[in-house]
Amino acid sequence: MSAVDRYVAELDAALHVRGAVRRRFLHECRDHLADAAAEHGQEHAVRAFGRPSEIAAAFDAEVAARRGVRSTFVSVAGVPRRLDGSAAVAVRPPLEDLGQLIRVPIPSVDIRRLLVVTTCVAAAGAFVRDRAEHATLSQALVTAGIEAVAVVACFLLLGRALGLYGSLRARLGATRGGSSGILG
Amino acid sequence: VRADLVRGHLDALLLAVLADAPGHGYELSRRLTLRSGGELGVPEGSLYPALHRLEGGGLVVSSWSAGEGRRRRIYRLTSAGRRAVKASRQEWRAFSRAIDQILGSGA
């Protein structure tokens with residue numbers, strides 16, 4: 001086994017990330033090492049590339065960071081879609097998978113309750129942060145209010161982006177129609 | 001130059017050498033070595049996590065290209081990447097001027 005093959009095998013063993021992104025990374029590293037070995041020799045090529053454990057850890061961290069951002073977005077986008085009540089679930093919230101994995105029922109949350117809780121937590125957080133930074137009571141209350149408005153605006157924008165209001169309106173219309181039929 | 005000093009500037013350095021022309025990882029590593037006079041002691045393998053980060057941030061795009069009997073991943077700047085190069089050059093000038101005023105004035 002050549003020094004480059006040995007190096008790539010060590011890199012492969014040290015990597016945690018799976019799938020296409022792993023294959024592509026290893027392919028690129030092998031290419032790089034082959035080019036460097038042709039120019040400077042195998043020993044120099046693997047030495048200049050860095051320790052396999054450090055390179056693998058750096059790559060794993062990058063992929064995890066990207067996936068973390070994406071999974072947060074998917075969670076946020078998935079929840080209102082599901083709570084809309086429609087059968088069309090665009091993305092399955094990760095909590096469902098977690099619930100299946102650990103076999104503990106995780107209750108679904110009503111979107112209005114989710115909005116109230118999120119707004120309260122954000123406003124309280126802003127208030128505590130401001131007070132910790134020695135803001136006056138009125139300043140901290142204003143900041144908390146701004147935070148609450150921002151959270152509600154985010155929910156509204158997200159709902160609009162996901163087409164949530166169209167189906168909500170349709171459901172409300174159906175309810176009103178039903179009520180007037182009974183009460184009228 | 002110590003690797004930890006360079007690490008914080010690696011993204012900007014990669015974008016700057018990509019501004020010359022698109023290239024694959026090894027080519028970019030050679031450009032860094034040539035243009036720095038071999039002074040930057042960055043492990044060559046650390047370019048790939050950085051390229052992945054830049055691609056995720058929309059500053060570069062990449063595609064496979066067949067040539068010299070081998071498939072290679074070629075990286076190129078996006079328009080956001082070109083703007084980032086311009087911004088990082090301005091930022092670097094201000095930063096190096098400020099550091100030089102402190103460290104460069106000693107005996």
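How many residues of chain B are in contact with chain A, and how many residues of chain A are in contact with chain B? In this predicted model, 24 residues of chain B touch 22 residues of chain A, and the tour below begins at that boundary before turning to single pairs of side chains.

**The interface as a whole**

Select both chains and look at the surface that lies between them, where the buried area comes to about 1,900 Å², with carbon and sulfur atoms giving 54% of it. Next, pick out Tyr26(B), Tyr48(B) and His52(B), which together supply 33% of the area that chain B buries against chain A, more than any other three residues.

With polar contacts displayed, 11 residue pairs between chain B and chain A, both members at pLDDT 80 or more, belong to the count. Colour chain B by element at this stage: α3 (25–36), α4 (47–56), β1 (60–67) and β2 (70–77) of chain B are the elements that each give two or more residues to the side touching chain A. The largest share of that side is from α4(B), which provides 6 residues. Coloured by class instead, the side of chain B that touches chain A shows 7 nonpolar, 9 polar and 8 charged residues.

**Charged pairs across the boundary**

Between chain B and chain A the count is 4 salt bridges, while over all chains the count comes to 11. Go to Glu55(B) and Arg24(A), a salt bridge in which the closest N and O atoms are 2.7 Å apart. Because Glu55(B) lies in helix α4 of chain B and Arg24(A) in helix α2 (residues 20–40) of chain A, this pair joins two chains. Glu55(B) has a relative accessible area of 23% and is therefore partly exposed, given that buried would require a value under 20%. Add Glu28(A) to the selection, and a network of salt bridges appears that links Arg24(A), Glu28(A) and Glu55(B).

Now move to Glu39(A) and Arg30(B), whose side chains meet in a salt bridge with an N to O distance of 3.7 Å. Here too the pair joins two chains, because Glu39(A) lies in helix α2 of chain A and Arg30(B) in helix α3 of chain B. Both side chains belong to partly exposed residues, Glu39(A) at 40% relative accessibility and Arg30(B) with a relative accessible area of 36%.

**A pair inside chain B**

Which parts of chain B does the pair of Arg53(B) and Asp11(B) link? Select the two residues, and their side chains are seen to meet in a salt bridge at 2.6 Å, N to O. The pair links distant parts of the chain, with Arg53(B) in helix α4 of chain B and Asp11(B) in helix α2 (residues 10–20) of chain B, 42 residues apart. Arg53(B) counts as partly exposed at 30% relative accessibility, and Asp11(B), with a relative accessible area of 23%, is likewise partly exposed.

**Chain A as a whole**

To finish, hide chain B and show chain A as a cartoon, in which there are 8 helices and 0 strands, so that from the N terminus on the elements run α-α-α-α-α-α-α-α. Of the 184 residues of chain A, 27% count as buried, and the area that chain A exposes is about 11,800 Å², with carbon and sulfur atoms supplying 64% of it. Among the contacts in chain A with a separation of 6 or more, 59% are accounted for by residues 24 or more positions apart.

Key: Residues are numbered from 1 along each chain as its sequence is written. Chains are lettered from A and ligands numbered from 1 in the order in which they are written. This is a predicted model: local features need pLDDT of at least 70, side-chain atom pairs count only at pLDDT 80 or more; totals for chains, interfaces and linings use all residues. Side-chain values use heavy atoms; hydrogens and water are left out. Contact means heavy atoms within 4.5 Å. Buried area is the accessible area (1.4 Å probe) that two parts lose on being put together, summed over both. A polar contact is a pair of N or O atoms within 3.5 Å; within protein, one must be able to donate a hydrogen and the other to accept it, and residues adjacent in sequence count only if both atoms are side-chain atoms. Helices (H or I, at least four residues) and strands (E, at least two) are DSSP runs, numbered from the N terminus. Ala, Val, Leu, Ile, Met, Phe, Trp, Tyr, Cys and Pro count as nonpolar, Asp, Glu, Lys and Arg as charged, and the others, Gly among them, as polar. Buried means under 20% relative accessible area, exposed over 50%, partly exposed in between (1.4 Å probe, protein chains only). Accessible areas come from the Shrake-Rupley method with a 1.4 Å probe; for residues, only the protein chains shown count as cover.
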